[in-house]
Amino acid sequence: MRRPHRPDQLRAGHRVRDFRVVRRLGVGGFAFVFLMERGGQHYTMKMAARPASHLDVDRVDDWMRREVHSLEHVHHPYLLPVLEWGRWPDPETGYGYFITPYVSGSTFHVWRWCKHATLERAVGVLCEHLKTLEVLHEDGIVHRDVKADNLLVRHGNDTPFLIDFGTAHLPWARVLTEGLAPGTLYCQPPEAVLFLASLLSENPPPPGSRLEARPAADLYAFGVLLYETLTNCRPFDTRRPLDELLPAIATMTPLEPGQLAPEMPASLRALTLRLLAKDPAQRPPSARAVREELERLREQEGHTSAWQAPSKRPSECAWVRERFPDVDMLEEAHEPEPERMGKRWEWPSRLAVLALGLGVLGLGWALVRAAPVPHREDVPRAEITASAPPAPPAKGTQPVPTSPSETLPTASDSTPSRLCSMLTRLLGGVAAAQLAGCVTTPVPPDSARYLAHCPPEATATPVKLGFDSLENPTFLETGTPASKDPIEEGGSLNVKPGPVMATMFAVVKGKEVETKITGVAMTTPYRLYIQFDRMQLPDGTWWPICGVAVDDFTSYGVPTWAKEPIDGSVVDPAKVDRSPGSVVLNDPRFEAVLQYPKGHPMPRLTLAPPDWR
């Protein structure tokens with residue numbers, strides 16, 4: 001068995017210290033989650049997607065350690081204790097990981113759908129969940145990512161475990177971000193959007209300012225969760241462009257839950273809207289107050305038919321979609337999720353709000369001037385601290401000390417940070433170009449047309465096979481190294497136009513499956529486009545597909561190193577392929593999206609901004 005060096009290479013039978021990998025449970029934007037075994041006992045391991053490095057602008061290692069410290073500080077029966085933590089394979093420069101007990105369970109919405117849980121039973125679980133928030137808030141801790149996917153309900157006794165403390169606010173900890181901490185976009189409270197808008201006001205906050213973490217933000221997110229529980233819909237349409245979604249969160253009242261679920265108790269609908277109030281002061285004062293109100297309603301009304309009716313799946317609410325076509329209904333899990341802790345293929349919501357950053361500028365000056373700026377803390381930017389000395393870059397080598405513009409064609413004059421790059425793309429390249437200085441690009445191939453004209457037998461493949469994932473982590477195998485770091489270890493690579501092969505990880509009938517996909521690559525100086533047409537399963541069978549490569553923003557194509565030289569990506573000019581059409585990628589990872597039949601849920605795919613094509 002080949003010795004692994006990165007978390008994406010870990011397979012059943014591999015070992016991390018004295019723990020044996022049983023299977024991978026999930027993967028997100030910044031971490032992998034595995035089921036582990038030691039001494040006949042099962043455990044869960046969460047491992048950072050990037051190694052410890054002072055060049056990692058996303059500070060993945062620091063956020064991983066923040067999660068460990070959060071769980072070590074608070075002891076509660078509904079929190080999973082950290083049993084062991086460290087770095088692998090090197091204790092100083094490796095990938096951070098930690099071990100917790102394994103919980104056999106499902107995320108909250110999947111649990112209530114699969115168990116046909118009554119409203120009375122579901123509210124009982126939410127009341128127990130609020131007890132956890134009470135303890136955290138009393139200690140000054142704000143979770144900052146409360147949502148259904150982070151509430152794991154144990155099979156057998158309905159115990160709710162709050163997981164994923166990677167973005168939690170700890171009052172005693174150093175500041176890791178400017179602005180906002182990473183979190184889930186559609187769960188961010190209005191005051192967060194307004195704070196971002198303040199960054200472009202006539203009197204912006206000083207550099208290093210950040211939004212004060214308050215329990216009211218967790219209560220707003222709990223309101224989103226309760227709204228989803230009552231209606232199977234999100235309060236705001238997450239399929240909207242950012243310049244529509246953000247103003248909606250900041251200024252619009254969500255559709256009254258009774259219009260989407262008239263059978264739901266009026267008392268719960270009213271509490272939900274109070275939790276979603278634009279003004280934090282208008283929300284309930286504490287998690288304890290919310291729990292006590294829910295318990296009182298449950299005791300007084302729990303015997304009624306509305307409370308005793310079993311949960312409906314989104315597919316059982318077709319009339320809602322017909323009457324309210326713009327409503328964003330929850331994605332339904334057709335099979336029970338694999339038992340796991342952490343996030344599965346949660347790419348639509350993986351967007352860190354920090355990555356949005358100034359994306360709120362698209363709201364326009366009207367929003368900035370119309371709303372007051374929320375209270376903030378003016379805190380100087382803190383230096384990152386680590387228990388080990390500064391580590392080398394992610395791939396374990398020092399970057400070549402040379403300017404991209406001097407050695408590679410069409411590179412920017414200056415290397416933008418990941419944050420600057422994200423802002424430029426989110427803003428369409430205009431406003432952010434004034435902030436970060438980004439350049440123009442050519443026109444891409446018509447990927448949308450390719451998917452629209454997909455043959456029926458190809459669109460049927462993911463449905464026939466039982467695919468549960470819409471965006472699939474994929475690793476390109478075709479190419480040559482652009483540095484001394486091997487491609488299979490995440491090194492930069494040269495890619496030419498023509499046939500390519502990649503490894504795609506998909507969730508099929510609740511289990512992760514490693515597949516091979518083939519297609520054709522097309523390049524522009526700033527972007528690599530791939531159209532896939534065939535997929536090979538582990539049993540050797542080939543299936544027709546229509547798929548495309550997309551970036552972290554579900555835009556067609558993957559940015560090249562010449563356009564977006566990510567900090568920590570090493571490129572050796574002597575290894576760069578300068579033949580016509582060849583481009584350099586920072587690393588081999590991207591997302592692959594397959595076309596489904598008409599009417600099936602699909603990610604919202606877009607063209608990259610003009611100067612990113």
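Me: How are helices and strands defined here, and how many of each does the chain have?
Reply: Helices are DSSP runs of H or I with at least four residues, and strands are runs of E with at least two. This is a predicted model, and its secondary structure can be tallied in those terms. The chain comes to 19 helices and 21 strands.

Me: Thanks! What share of the residues is buried?
Reply: A residue counts as buried when its relative accessible area is under 20%. The chain has 613 residues, and the buried share of them is 59%.

Me: Among contacts between residues at least 6 apart in sequence, what percentage join residues at least 24 apart?
Reply: Contact here means heavy atoms within 4.5 Å. Looking at pairs at least 6 apart in sequence, the portion that joins residues at least 24 apart is 73%.

Me: Let's turn to charged pairs. How many salt bridges does the structure hold?
Reply: Side chains of opposite charge can pair when their charged atoms come close. One of the pairs here is Asp 145 with Lys 147, with the closest N and O atoms 4.0 Å apart. In total, the number of salt bridges is 26.

Me: Which residue forms a salt bridge with Glu 191, and how far apart are the closest N and O atoms?
Reply: The partner is Arg 283. The pair links distant parts of the chain, with Glu 191 in helix H4 (residues 190-198) and Arg 283 in the loop between helix H8 (266-275) and helix H9 (287-301), 92 residues apart. In space, the closest N and O atoms of Glu 191 and Arg 283 are apart by 2.7 Å.

Me: Is Arg 283 buried or exposed?
Reply: The cut-off for buried is under 20% relative accessible area. Arg 283 has a value of 4%, so this arginine counts as buried. Its partner Glu 191, at 11%, also falls under that cut-off and therefore counts as buried.

Me: Which backbone oxygen does the side chain of Arg 283 reach?
Reply: Setting aside neighbours within four places in sequence, Arg 283 is in contact with several residues, including Pro 189, Tyr 220 and Ala 277. At 2.9 Å, its side chain reaches the backbone oxygen of Ala 277.

Me: Why does Arg 214 count as partly exposed?
Reply: The side chain of Arg 214 meets that of Glu 212 in a salt bridge, 3.4 Å from N to O. Partly exposed lies between the buried limit of under 20% and the exposed limit of over 50%. Glu 212 is partly exposed because its relative accessibility is 24%. Arg 214 is partly exposed because its relative accessible area is 41%.

Definitions and conventions:
Residues are numbered from 1 along each chain as its sequence is written. This is a predicted model: local features need pLDDT of at least 70, side-chain atom pairs count only at pLDDT 80 or more; totals for chains, interfaces and linings use all residues. Side-chain values use heavy atoms; hydrogens and water are left out. Buried means under 20% relative accessible area, exposed over 50%, partly exposed in between (1.4 Å probe, protein chains only). A polar contact is a pair of N or O atoms within 3.5 Å; within protein, one must be able to donate a hydrogen and the other to accept it, and residues adjacent in sequence count only if both atoms are side-chain atoms.
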